[in-house]
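User: I am new to this structure and would like to learn how to read it step by step. Could you take me through its main features?

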Amino acid sequence: MVKGLNRFIKLLVLFIVISFLPSSDAEAYMVKYKEDYYKLYHIYYKQNPDACIENIYWLEKAVKADFCNPLYAKAKITNENQYEKYRYLFMMHLNLKLIEQHIRLGRNYDKKAFYFYDCPWKDEYLSNLKKTKAAYEAGYYYWQEACLWAEKANIGKFKFLFIQELQNWEDERERIFTGELNYKTTLDRELKRVNGIIAEIDEINRRALESAESGDPRFEPYVENQ
């Protein structure tokens with residue numbers, strides 16, 4: 001599953017890179033800094049898997065890239081303390097967006113519940129639920145990172161320093177600090193449900209296998225009508 005996703009991401013990246021190649025009469029746009037990659041992140045009206053994977057790619061590139069010169073930051077920076085807090089807030093925000101995109105990606109494959117009449121498609125549901133589980137589990141790493149950067153942006157010397165142009169990032173920092181924003185709770189809840197459904201399907205498969213091996217017809221899952 002992971003290899004399949006990696007292969008798809010590589011193909012998607014190749015397509016995106018080709019699409020950004022300038023024509024002979026166009027000025028090339030250099031994507032180099034965090035701020036540049038962040039501009040390529042978009043929230044689409046319909047977040048299908050392709051859109052989520054594209055956003056994850058750009059956000060990951062943004063995390064790894066350098067910051068641009070403070071003159072070109074996403075807010076007006078006038079001193080070193082502002083620039084330091086700006087960097088912490090930016091890293092926190094990027095990791096929060098990565099959590100959101102992994103949750104959105106997982107929801108594309110999620111099965112909220114499993115009913116007896118879903119048995120004909122149980123193998124397909126199980127495959128999709130494992131993709132959902134992998135996407136949700138990835139969110140834990142980004143939540144830890146977001147909390148780390150939020151903590152750095154919340155130290156004493158920044159107590160009365162607010163970057164007004166990034167008020168939504170400041171709000172995210174404060175909500176993490178107060179516990180109002182806690183993606184771990186969300187991930188725990190969703191993974192508990194997903195693992196429960198996976199266990200239910202695994203049990204159905206186990207019982208069906210035992211029935212087939214023993215010739216006992218008492219357990220015969222519903223089959224798709226021909």
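Analyst: We will go from the overall fold to the core, then to single residues and the surface, keeping in mind that this is a predicted model.

User: How many helices and how many strands does the chain have?

Analyst: A useful start is to list the elements in sequence order. The chain has 7 helices and 0 strands, and read along the sequence it follows the pattern α-α-α-α-α-α-α. Of the contacts with a separation of 6 or more, 77% are between residues 24 or more positions apart.

User: What is there to read in a single helix, such as H3?

Analyst: One can look at its span and at which of its residues are buried. Helix H3, residues 49–64, has 16 residues and reaches 23 Å from its first C-alpha to its last, close to the 22 Å expected. Among the residues of H3 that are buried are Cys 52, Ile 53, Trp 58 and Leu 59, and the buried residues of this helix also include Glu 54 and Asn 55.

User: Which residues touch the most other members in the largest nonpolar core?

Analyst: For the chain as a whole, 41% of the 226 residues count as buried. The largest nonpolar core has 58 residues, and in it Tyr 86 and Leu 96 touch the most other members. The elements that give two or more residues to this core are H2 (34–39), H3, H4, H5, H6 (167–178) and H7 (183–214), with the largest share, 14 residues, coming from H4. Leaving aside neighbours within four places in sequence, Leu 96 is in contact with Trp 143, Ala 146, Glu 172, Ile 176, Leu 181 and Tyr 183.

User: Why does Gln 82 count as buried?

Analyst: The idea is to compare the relative accessible area with a cut-off. Gln 82 has a relative accessible area of 15%, and because buried means under 20%, it counts as buried. Gln 82 lies in helix H4, residues 80–109, and beyond its neighbours within four places in sequence it is in contact with Lys 76, Ile 77, Leu 161 and Ile 163.

User: Is Tyr 115 buried or partly exposed, and where is it placed?

Analyst: The relative accessible area of Tyr 115 is 42%, so this residue is partly exposed, and its place is in the loop between H4 and helix H5 (122–152). Together with Phe 116 and Tyr 117, Tyr 115 forms a nonpolar patch on the surface, with about 360 Å² of accessible area in total. The chain exposes about 14,200 Å², of which carbon and sulfur atoms supply 54%.

Definitions and conventions:
Residues numbered from 1 in each chain as written. Predicted model: local features only at pLDDT ≥ 70, side-chain atom pairs only at ≥ 80, totals over all residues. Heavy atoms only, no water. Helix = DSSP H or I, 4+ residues; strand = E, 2+ residues; numbered from the N terminus. Buried < 20%, exposed > 50% of the residue type's maximum accessible area, 1.4 Å probe, protein only. Contact = heavy atoms within 4.5 Å. Areas by Shrake-Rupley, 256 points an atom, 1.4 Å probe, with all protein chains shown as cover. Patch = residues over 30% accessible without salt bridge, like charges linked within 9 Å, V, L, I, M, F, W, Y side chains within 5 Å. Salt bridge = Lys/Arg side-chain N within 4 Å of Asp/Glu carboxyl O. Expected span 1.5 Å × (residues − 1). Core = buried A, V, L, I, M, F, W, Y, C linked by side-chain atoms within 4.5 Å.
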